[in-house]
Structures are given as structure tokens and as C-alpha cells.
Amino acid sequence: MKEYITAEQIAKGKLIDPVQRIKLMSPDDWETLIEEWLDVKNKYIMVERVGGAGDMGRDVIAYIEDPKNNPNYKWDCYQCKHYHLPLSPSKVWIEFGKLLYYTFKKEFPIPEKYYFVAPLGIGSSLSTLLDDSESLKNGLKENWEKYCKNKIAENEEITLENDFLEYFNEFDFSIFDKTLSKTIVKEHKNHRNYLLRFGGGLPSRIDMLVPAVDEDTNLRYIEQLVKAYNSDSTDTITNVEDIEAKNHSNHFENARKSFYKVEELRVLSRDNLPERVFNDFQDEIYLEVSDTANDDFDNGFKKVKAVEKEARKTMIRSNPLKEVCTNWDMIGMCHHFVEESKISWIDDE
């Protein structure tokens with residue numbers, strides 16, 4: 001099959017596979033990604049990024065239980081390592097040492113699990129040790145002098161002897177494990193920042209059904225539409241059911257459809273993009289319609305049609321939603337502005 005070359009490909013180059021893209025991330029971005037990934041796992045009550053000086057070997061803390069007033073709370077540790085090669089034992093002996101030392105000192109409880117997460121993965125030597133807790137214990141003991149003794153705490157020599165040696169020997173080294181990068185990327189797809197980090201385009205919109213009109217009668221935008229229609233007609237509308245028999249029934253039906261099209265777009269944005277994207281989209285349309293919305297009109301319905309017309313003119317140039325928005329969204333946003341009391345068709349009494 002012949003490949004069709006798009007303008008976007010020429011402007012941005014070939015889309016990089018997410019597993020490859022994480023190899024280009026900075027250490028800070030990698031830790032942020034891990035924090036986001038853990039947020040969507042729905043396994044933890046709270047996730048805290050600690051990485052930096054004084055973290056005592058904890059980059060990202062994932063709480064299984066609330067640590068407040070609970071000195072023996074359950075938690076998992078995610079140690080983020082971002083090197084130019086797969087992770088080897090020599091790079092992490094000190095991390096094992098830190099965990100043993102600081103849990104021995106009761107700075108924090110022993111985690112349920114301690115995972116290493118690295119963009120380039122875990123090397124075969126370290127992977128073998130993580131699968132064999134006894135070999136891992138012996139390896140750390142053999143390498144303690146070189147990698148841990150004088151490097152865990154500043155100006156402090158930490159030796160394997162007396163009570164600490166006994167603690168070391170009884171420690172359960174099976175808590176140490178690894179998580180594959182491809183697993184992280186796959187599960188991170190459920191985070192709203194996934195497209196921001198990896199690209200790939202928005203998914204298709206999912207149609208949202210317009211509910212029965214009697215479910216909306218107390219909404220402000222409905223009340224305002226009724227007032228606008230009344231200002232344009234000699235026949236008074238007392239409830240929304242009357243609209244169906246009047247000249248405004250087609251507009252009313254389209255207004256309600258457009259209102260829920262915006263809700264449809266909001267859900268798409270909520271699930272796939274940072275929150276500010278939809279807010280920025282709203283702001284661009286409001287900027288287009290606000291002057292017209294503040295003008296004087298002979299009646300409210302003329303104002304409705306004028307503001308809707310201005311909304312349809314809005315050119316969304318850079319917002320990510322420009323690829324999926326339609327005129328329905330532009331019109332519907334006007335009615336959302338009314339619902340949010342940003343604009344009115346008829347001044348409230």
C-alpha cells in the first residue's frame with residue numbers, strides 16, 4: 001500500500017513510538033510521568049513525588065493507607081532511574097542500602113513493594129537479582145563496603161554490624177521488583193495527559209443523547225430562551241411545551257442539541273487533554289461573542305441569533321480541539337455562557 005504523506009508529517013516528522021519517546025524524557029519529566037501513571041491505577045489513596053535531596057531513597061511514594069496518625073501505614077515505593085543504559089546493579093546498590101538503613105531507623109515503614117522504573121529498562125544482571133531475593137541479599141552484602149558504607153548518609157559511616165546486621169539478615173528482599181516501560185505506557189493511556197506527552201491525535205467523539213425536555217426546564221439557558229422567544233412573539237409562552245406549537249420550535253430543538261454537543265466535547269477533552277484546553281476553547285469563543293452579547297437589541301431572540309452568528313465565525317487556530325469541534329459546538333457554547341450567567345438574552349428580573 002502506498003503511503004500518503006501529510007503536511008503534518010513534513011512539519012513535525014514521524015510520530016515517535018511512546019516507548020521510544022520516554023527514553024528522550026528528562027529525569028524530572030520521567031518522575032512526573034510515573035506520578036501520573038500511578039494516579040490512574042486506582043490502587044492508591046494518594047501518590048506523592050518526593051525525588052530530590054533528602055528523599056531517603058523514595059522518588060515516588062504511593063500510599064495504600066493514610067499515613068496520618070498511622071506510623072505503620074502501607075505503601076509502595078517507585079524508584080525512578082533515568083540512565084543512558086539499562087539499569088545495572090552497580091547503579092542501584094545504594095538504593096537498596098538506603099531503604100534498609102532508613103527503615104531500620106524507623107524513618108518510615110517497610111513498603112509492601114519497591115519497584116524500579118527506568119525508561120531504558122532493567123539490565124539482565126539486575127533483573128536476575130530481582131527475581132532471586134537470596135542472591136540479591138548476598139550481592140548487597142558483598143557490595144556494601146564499596147557502594148553503601150560511606151554513601152548513604154552524609155558524614156556518616158554505616159556498617160553492617162550488630163543490630164543493623166541482624167535487621168539486614170532478617171529483611172524480606174522479595175519486596176524489590178521492577179515494572180516494564182511498555183506496561184507504564186499502556187496504562188498511562190487512561191491519563192488525560194497521555195496525548196500531551198505522546199501525541200497520536202484525539203479519539204472519535206461519542207454521541208451524547210439529548211435528554212427529554214422536562215429534565216432541563218429548570219436550567220437557566222432554557223428559561224432565558226423562553227424569555228427571548230416571548231420578546232419576539234405576541235403569543236406568550238408559559239412553559240417549554242408551548243414552544244413546539246410556536247415559530248421557535250426548530251431553533252429550540254437545535255439550541256438543546258448544540259448545548260449537549262458541548263457536553264459531548266467537554267467529556268472528550270476531560271478524558272484526553274489537560275483541563276486548561278477546554279477552558280481556553282471556551283475563552284476563545286467568548287472573546288468572539290462578548291461584544292455582540294453586550295449590544296442592545298429590539299428583542300432577545302434577535303440577540304440570540306446575532307450572538308450565535310458571531311460564534312460560528314470563531315476561528316480556532318491552535319487549540320487541540322480545533323480538529324474535532326463543529327459549528328454545533330460554537331453555537332452550543334453560547335447557551336453554556338447563558339447557563340453560567342456570563343451572558344443573558346433578557347436581563348433577569
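Q: Which residues of H10 are buried?
A: Arg220, Tyr221, Ile222, Gln224, Leu225, Val226, Ala228 and Tyr229 are buried in H10; buried means under 20% relative accessible area, exposed over 50%, and partly exposed in between (1.4 Å probe, protein chains only). Helix H10 spans residues 220–230 and is mostly covered, with eight of its eleven residues buried. Helices (H or I, at least four residues) and strands (E, at least two) are DSSP runs, numbered from the N terminus.

Q: What sort of model is this, and how are residues numbered?
A: It is a predicted model, in which local features need pLDDT of at least 70 and side-chain atom pairs count only at pLDDT 80 or more, while totals for chains, interfaces and linings use all residues. Residues are numbered from 1 along each chain as its sequence is written, and side-chain values use heavy atoms, leaving out hydrogens and water.

Q: Back to H10: what do its buried residues pack against?
A: They pack against helix H11 (249–272), helix H13 (300–312) and helix H14 (327–339). Contact means heavy atoms within 4.5 Å.

Q: What does Asp348 touch?
A: Not counting residues up to four places away in sequence, Asp348 touches Arg220, Gln224 and Lys227. Two of these, Arg220 and Gln224, are among the buried residues of H10. Asp348 itself lies in the segment after H14 and counts as partly exposed, at 46% relative accessibility.

Q: How far is Asp348 from Phe116?
A: Their C-alpha atoms are separated by 60 Å, and the two residues are 232 apart along the chain.

Q: And His336, buried or exposed?
A: His336 is buried, with a relative accessible area of 3%. This residue belongs to helix H14. Its contacts, leaving aside neighbours within four places in sequence, are Phe259, Val262, Glu263 and Arg266.

Q: Changing topic: how are the strands of the sheet ordered?
A: The sheet is open and has five strands in the order S1-S2-S3-S4-S5, with mixed pairing. Two strands pair if DSSP finds at least two bridges between them.

Q: Which strands stand at the edges?
A: Strand S1 (46–49) and strand S5 (176–178) do; each has a single partner strand, so one side of each is left without a neighbour in the sheet. On average, neighbouring strands are turned by 20 degrees against each other, direction ignored. Axes are lines fitted to C-alpha atoms, for helices over the stretch in contact, and angles run from 0 to 180 degrees between N-to-C directions.

Q: How many bridges join S3 to S4?
A: Five bridges join strand S3 (residues 75–80) to strand S4 (residues 113–117), and the two run parallel. Cys80 stands opposite Val117 in S4.

Q: Which helices pack on the sheet?
A: Helix H3 (residues 27–39) touches S1, strand S2 (60–63), S3 and S4, and its direction makes about 175 degrees with that of S1. Helix H4 (residues 89–104) touches S3, S4 and S5, and its direction makes about 155 degrees with that of S4.

Q: How is S4 placed, covered or not?
A: S4 is mostly covered, as four of its five residues are buried. The chain crosses from S3 through H4 to S4 in a right-handed β-α-β crossover; right-handed means that, with the strands pointing away from the viewer, the path from the first strand over the helix to the second runs clockwise.

Q: What about S4 and S5?
A: Three bridges join S4 to S5, which run parallel, and Tyr114 stands opposite Phe176 in S5.

Q: How many disulfides are there?
A: The count comes to zero disulfides, a disulfide being a pair of cysteine sulfur atoms within 2.5 Å. The sulfur of Cys80 is 8.5 Å from the closest cysteine sulfur, in Cys77, too far for a bond. For Cys334 the closest cysteine sulfur is 13 Å away, in Cys325, again too far for a bond. Cys80 counts as buried at 7% relative accessibility, and Cys334 counts as buried at 0%.

Q: Where is the kink in H6 centred?
A: Helix H6 (residues 133–147) has a kink of about 35 degrees centred on Lys141. The bend at a residue is the angle between axes fitted to the seven residues ending there and the seven starting there.
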